[in-house]
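Me: I have a structure open and want to go through parts of it. Can you take questions as they come?

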Amino acid sequence: MARLLSVNVGLPRDIEWRGRIVHTGIWKNPVHGRCRVGRLNLEGDGQGDLGGHGGEQRAAFVYQIESYRYWQEQLNRNDFVPGQFGENFTIEGLPDDAVCIGDRFQIGSALFEVTQPRVTCYRVGIRTNEPRMPALLTSSGRPGFYLRVLKEGAVEAGDAIVKMGEANERMTVAEINALLYSPNHARDRLECALRIEALSPGWRASFEALLQTTGAAGGNAGLAPAAAGHPAAPGFRPLAVEAIDQESSDVLSLSMRDPSGLPLAPALPGQYVVLRLRRTAAESALFRSYSLSGPPSRERYRVSVKIEPNGIAGIYLRERIHPGDILDVSSPRGNFVLQPGERPVVLLSAGIGATPVLAMLHTLAGERSRRPVLWLHAARDGQHHPFSAEVQRLIPALPHGRRYVCYSRPANRDKIGQDFDSADHLSRSVFDMVGVPHEADVYICGPNQFMKDMKETLVAMGLAPARIYNEVFNGGESLTPGIAGTAARTPHVPDDDATTGPLVSFARSGIAAHWNGSAYQSILELAEACDVPVRWSCRTGVCHNCESGLVSGAVAYGPEPLDQPADGNLLICCSKPTSDVVIDL
């Protein structure tokens with residue numbers, strides 16, 4: 001019979017790691033005597049990162065003494081102690097390849113149900129002093145598993161573990177773990193997993209995503225973050241500038257087409273392209289991401305650029321590019337795209353943020369969509385209001401289309417009711433007045449603070465956060481679990497930037513640095529040295545949180561990911577450049 005060998009608890013603490021402070025609850029120590037088990041936790045226990053650990057579905061983590069012995073042999077270690085892997089219950093028996101999701105066990109006076117395998121992160125590597133451990137746990141089929149508390153009670157080391165029931169579908173912890181993380185996502189096994197009622201919502205959502213993907217572009221849809229959606233083939237193609245149009249005092253549009261008349265890669269409304277701007281031989285190339293602002297077309301792309309007073313790329317385009325010139329342009333990228341369906345659509349923008357939502361408006365107008373469409377835009381005045389006439393032409397093509405424009409500082413020549421609708425900022429009072437539909441899909445683009453304020457306002461009005469989509473021009477939102485908050489810094493070239501080695505360009509951040517293999521173990525570490533916003537969790541090629549677009553170039557992996565990213569993407573946490581690369585960060 002299986003036995004409970006040790007009950008381990010610990011409250012979160014701050015530790016120093018690589019010059020940063022990590023808030024983590026992975027340090028667990030044995031409890032002497034009985035320990036109370038509640039619905040969400042054990043008495044005296046806590047988690048530093050509730051987004052990845054703890055909660056009803058992960059109230060207690062279990063690891064087996066047999067796996068301890070395995071790792072001691074594999075790693076030639078003899079210093080492991082109970083709680084070393086962050087587990088609450090160190091047990092004897094119940095291996096991951098025998099325990100099934102939905103199995104129910106009585107331990108002491110408490111009743112538990114198995115909900116999911118462990119999702120490993122970098123902190124188990126810190127605790128075991130083995131950075132590879134997140135990948136090793138997952139690839140070995142020995143992740144351990146989480147329990148949900150069905151009946152609260154008390155447990156104690158030495159208690160017998162008695163099986164009380166099981167799910168109708170029998171899938172082991174090891175099998176469920178491999179189904180998500182390995183390249184084999186057999187459809188029949190995914191369907192079987194989704195029939196297990198006890199499976200946690202997070203794993204259920206991952207398997208549903210895998211079922212819905214066609215697999216044509218490869219990758220792991222169950223793990224890839226939204227930022228890695230819609231991958232595109234890496235590389236640039238030369239396009240000829242067909243026309244340059246002044247849209248407002250500080251915005252110009254460039255229309256480009258293939259010089260030989262070949263069709264362009266299709267773009268989804270809302271996507272962007274990366275331009276490689278080749279300057280003089282003494283100057284390094286510039287990489288900039290610009291949203292496509294025109295109608296869907298296989299013949300031409302249009303990008304619209306705001307010319308900032310000190311914007312190197314914008315000034316270069318304005319002063320040195322003319323019709324007939326050739327620009328290097330990537331395939332369309334990005335996950336900020338118009339969603340299908342019949343729900344109302346709200347296109348909400350400020351300034352140059354109009355560009356991706358304008359492409360959405362073109363698509364809706366071209367389809368004569370019968371969806372209710374509301375165009376909301378904020379500008380300073382008419383002189384700084386790009387695409388005004390274009391939007392006014394498009395709105396009448398929509399049977400249920402409306403437009404409302406706010407000027408914060410209208411000029412004397414601006415006519416209310418014609419050029420703009422109110423001398424105001426976009427706000428809740430405006431949304432209430434125009435009647436923003438609460439069931440709408442909302443697409444927001446503009447300055448970061450504007451997007452944050454607009455989303456908070458809409459959520460406070462009762463709109464579903466999951467149907468509010470933001471586009472981020474520069475970098476993106478970081479995900480650095482457990483890292484204590486630090487002041488955001490503007491991306492920069494590291495102080496010790498090398499003068500040789502492959503050049504790593506972070507397209508959205510506008511930063512390029514040389515690869516120094518003696519200073520960095522991965523592109524992620526270089527990005528961190530540049531203060532480029534990054535997303536990660538495992539740092540060993542397991543979780544795919546760091547999956548990003550590979551705009552051009554090639555990389556090598558070490559360690560090799562358990563499952564490859566989608567075509568045209570890369571995992572920055574375990575890759576190194578083998579040539580100059582451009583990354584969508």
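Reply: Yes. One term to begin with: two strands count as paired if DSSP finds at least two bridges between them. Note also that this is a predicted model.

Me: Fine. How many bridges are there between β15 and β16, and in which sense do they pair?
Reply: Strand β15, residues 272–277, pairs with β16 over 6 bridges, in the antiparallel sense. Val274 stands opposite Ser289 in β16.

Me: What holds paired strands together in general?
Reply: Strands of a sheet pair through backbone hydrogen bonds, in either a parallel or an antiparallel arrangement.

Me: What is the strand order in the sheet with β15 and β16?
Reply: The order is β16-β15-β18-β13-β14-β17, an open sheet of 6 strands with antiparallel pairing. β16 (286–291) and β17 (301–306) are the edge strands, each pairing on one side only. From one strand to the next, the twist averages 40°.

Me: Which helix packs on that sheet?
Reply: Helix α7, residues 312–320. It touches β14 (251–257), β15, β16, β17 and β18 (326–330). The direction of α7 makes about 85° with that of β16.

Me: Switching to α4. How many of its residues are buried?
Reply: 7 of the 9 residues in helix α4 (173–181) are buried, which leaves the helix mostly covered. The buried ones are Val173, Ala174, Ile176, Asn177, Leu179, Leu180 and Tyr181.

Me: What do they pack against?
Reply: Two strands and three helices by name: β9 (110–117) and β10 (145–151), then α3 (133–139), α5 (187–194) and α6 (201–212).

Me: Since α6 came up, where does Ala209 sit, and what does it contact?
Reply: Ala209 is found in helix α6. Leaving aside neighbours within four places in sequence, Ala209 is in contact with Ala221 and Gly222.

Me: Is Ala209 buried or exposed?
Reply: Neither label fits, because Ala209 has 23% relative accessibility and counts as partly exposed. Buried would need under 20%, and exposed over 50%.

Me: How far is Ala209 from Arg298?
Reply: Their C-alpha atoms are separated by 29 Å, and the two residues are 89 apart along the chain.

Me: Cysteines next. How many disulfides are there?
Reply: A search of the whole structure finds 0.

Me: Why is Cys543 not bonded to Cys538?
Reply: Because the sulfur of Cys543 is 3.7 Å from the one in Cys538, its closest cysteine sulfur, and that is too far for a bond. The cut-off for a disulfide is within 2.5 Å. Cys543 counts as buried, at 9% relative accessibility.

Me: And why not Cys121?
Reply: The closest cysteine sulfur to that of Cys121 is in Cys543, 8.9 Å away, so it is too far for a bond. Cys121 also counts as buried, at 6% relative accessibility.

Me: Last topic. Why is β21 described as largely enclosed?
Reply: Because 5 of the 7 residues of β21 (401–407) are buried, the strand is largely enclosed by the rest of the structure.

Me: Which strands pair with β21?
Reply: β20 (373–379) is joined to β21 by 7 bridges, running parallel. Strand β22 (422–423) pairs with β21 in the parallel sense too, over 2 bridges. His377 stands opposite Val405 in β21, and the bridge partner of Cys406 in β22 is Ser422.

Me: How does the chain get from β20 to β21?
Reply: Through helix α9, residues 388–394. This β-α-β crossover is right-handed.

Key. Residues numbered from 1 in each chain as written. Predicted model: local features only at pLDDT ≥ 70, side-chain atom pairs only at ≥ 80, totals over all residues. Heavy atoms only, no water. Helix = DSSP H or I, 4+ residues; strand = E, 2+ residues; numbered from the N terminus. Axes fitted to C-alpha atoms, helices over the stretch in contact; angles between N-to-C directions. Contact = heavy atoms within 4.5 Å. Buried < 20%, exposed > 50% of the residue type's maximum accessible area, 1.4 Å probe, protein only. Right-handed = clockwise from strand over helix to strand, strands pointing away.
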